[in-house]
Amino acid sequence: MLAALLLAACHRSKEWTDASAAANRNDAAVNATSNQPCVNLNRASAEELIKLPGIGEVMSRRIIDYREQHGPFRRPAEIIIVEGFSEKKYRAIADLICVE
């Protein structure tokens with residue numbers, strides 16, 4: 001019985017990992033189809049972030065502060081976690097940003 005529970009837990013974990021990998025591939029595919037080079041959220045300076053539509057000095061500072069406190073972004077959609085960053089704002093710049 002215990003073995004069955006462990007097997008089921010491992011299977012669920014693999015499904016989540018597979019879904020996460022698919023999401024990362026989708027994010028990369030969106031960025032790859034763009035003619036413009038993407039802004040890497042994990043390396044961009046405040047000046048580079050400010051060039052993105054809807055990103056000003058305050059938001060660029062919040063993005064940098066967040067990445068310094070919590071480590072690199074794993075996928076572009078994680079930017080929504082940053083205080084004051086909305087899903088609508090993310091959709092507006094999704095094809096302009098990436099993570100490496």
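In this predicted model, Gly-71, whose phi is positive, near 90°, follows helix H3. Residues are numbered from 1 along each chain as its sequence is written. Because the model is predicted, local features need pLDDT of at least 70 and side-chain atom pairs count only at pLDDT 80 or more, while totals for chains, interfaces and linings use all residues, and side-chain values use heavy atoms, with hydrogens and water left out.

**Exercise 1.** Determine which residues of H3 are buried and how they are arranged about the axis of the helix.

Solution. Helices are DSSP runs (H or I, at least four residues) and strands are E runs of at least two, numbered from the N terminus. Taking buried as under 20% relative accessible area, exposed as over 50% and partly exposed as in between (1.4 Å probe, protein chains only), the buried residues of H3 are Met-59, Ser-60, Ile-63, Ile-64, Tyr-66 and Arg-67. Seen down the axis, these residues fall within an arc of 155°, so they line one face of the helix; the arc is that of the directions from the helix axis to the C-beta atoms. On the other side of H3, Glu-57, Val-58, Glu-68 and Gln-69 are exposed.

**Exercise 2.** Locate the disulfide and establish its handedness.

Solution. With a disulfide defined as a pair of cysteine sulfur atoms within 2.5 Å, Cys-38 is joined to Cys-98 at an S to S distance of 1.9 Å. The torsion about their S-S bond is about 65°, so the disulfide is right-handed. Cys-38 lies in the loop between helix H1 (2-33) and strand E1 (39-40), and Cys-98 in strand E2 (residues 97-98), so the pair ties together parts that are 60 residues apart in sequence. Cys-38, at 29% relative accessibility, counts as partly exposed, whereas Cys-98, at 6%, counts as buried.
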